Amino acid sequence: MAVSYEVYRILEEELGKEKADKVVKVLEESLKVIEEKVKEQKPLLKAEIKDELKKELVTKEEFYGEMRSLRLELEKIIDKVEADLTNRINKVESDLGRRIDRVELLLKVLIGLVVVGLTLLNPAFVELLKTVFALK
């Protein structure tokens, strides 16, 4: 890597041509050494970063494995909720069935009472009873 012309010009004005040439030469050599060190360190740094990322990030296999276990857990919860709801529905159905049976019985009794009441209050029926039992 070379030192820019502007930097060289400033060094030449401040130090003179001979000293500026020496400083530029030293700077260029130092920059080359630094550049080589960076090139040498690049694969090592890349490997270290890759290792760190592997430790921190999740692999596809781990991700899909965790997803499978979560899916199984969720399916168990859904099955449990479904069973609970089915039991509750069955209980409500049973309770409603008993209530409907009771209402039907009461309705039959009421119909019977209405028929008996209307029959007893019917003047023709009263006359029939009087005739049958010979009551006056």
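**An extended all-helical chain**

The protein chain exposes about 12900 Å², and carbon and sulfur atoms supply 64% of that area. The model is a predicted one. Its mean pLDDT is 88 for the protein chain, with 98% of the residues reaching 70 or more. Confidence can also be followed element by element: H1 has the lowest mean pLDDT, 80, while H3 has the highest, 95.

The secondary structure is simply stated. The protein chain contains four helices and zero strands, and from the N terminus on its elements run α-α-α-α. The protein chain is more spread out than a compact globule, because its radius of gyration is 52 Å, well over the 14 Å that the globule rule gives for 136 residues. The principal axes give the corresponding dimensions, the C-alpha trace spanning about 160 × 35 × 10 Å. Burial can be considered alongside these dimensions: of the 136 residues in the protein chain, buried residues make up 4%.

Two pairs of residues help to give a sense of distance along the model. Lysine 80, which has its place in helix H3, is 20 residues from isoleucine 100 in sequence and 30 Å from isoleucine 100 in space, C-alpha to C-alpha. Lysine 80 counts as exposed because its relative accessible area is 65%, the cut-off for exposed being over 50%. The second pair spans a longer part of the chain: alanine 134 and glutamate 28 are 106 residues apart in sequence, and their C-alpha atoms are 146 Å apart in space.

The charged side chains provide the next topic. Side chains of opposite charge can pair when their charged atoms come close. A search of the whole structure finds seven salt bridges, and three of them are described here, beginning with helix H1.

Helix H1 covers residues 5-15 and holds both glutamate 13 and arginine 9, which lie four residues apart, about one turn of the helix. Their side chains meet in a salt bridge with an N to O distance of 3.0 Å. An α-helix has 3.6 residues a turn, so residues three or four places apart point the same way. The two partners fall into separate accessibility classes: glutamate 13 counts as exposed because its relative accessibility is 56%, whereas arginine 9, with a relative accessible area of 35%, is partly exposed.

Helix H2, residues 17-56, contains a pair with the spacing of four residues, about one turn of the helix, namely aspartate 21 and lysine 17. These residues form a salt bridge in which the closest N and O atoms are 3.9 Å apart, inside the limit of 4 Å set for such a contact. Lysine 17 is exposed, its relative accessible area being 51%, while aspartate 21 is partly exposed at 34% relative accessibility.

Helix H3, residues 60-121, carries the third of these pairs. Aspartate 95 and arginine 99 are separated by about one helical turn because they are four residues apart in H3. The closest N and O atoms of their salt bridge are 3.6 Å apart. Aspartate 95 is partly exposed, with a relative accessible area of 26%, and arginine 99 is also partly exposed, at 47%. The pairing extends to a further residue, since Asp95, Arg98 and Arg99 are linked in a network of salt bridges.

The surface also has a nonpolar feature. Val58, Phe63, Tyr64, Met67 and Leu70 make a nonpolar surface patch of about 490 Å². Among these residues, tyrosine 64 is found in helix H3. At 47% relative accessibility, tyrosine 64 counts as partly exposed, and it can therefore belong to the patch, for which over 30% relative accessible area is required.

The path ends at helix H4, residues 123-133. At the start of this helix, a side-chain oxygen of asparagine 122 reaches to within 3.1 Å of the backbone nitrogen of alanine 124. At the other end, H4 is followed by alanine 134, which has a positive phi near 55°. Alanine 134 is found in the segment after H4, and it is exposed, with a relative accessible area of 66%.

Definitions and conventions: Residues numbered from 1 in each chain as written. Heavy atoms only, no water. Polar contact = N/O pair within 3.5 Å; in protein donor to acceptor, adjacent residues only side chain to side chain. Helix = DSSP H or I, 4+ residues; strand = E, 2+ residues; numbered from the N terminus. Buried < 20%, exposed > 50% of the residue type's maximum accessible area, 1.4 Å probe, protein only. Patch = residues over 30% accessible without salt bridge, like charges linked within 9 Å, V, L, I, M, F, W, Y side chains within 5 Å. Areas by Shrake-Rupley, 256 points an atom, 1.4 Å probe, with all protein chains shown as cover. Rg over C-alpha atoms; globule rule 2.2 N^0.38 Å. pLDDT = per-residue confidence, 0-100.
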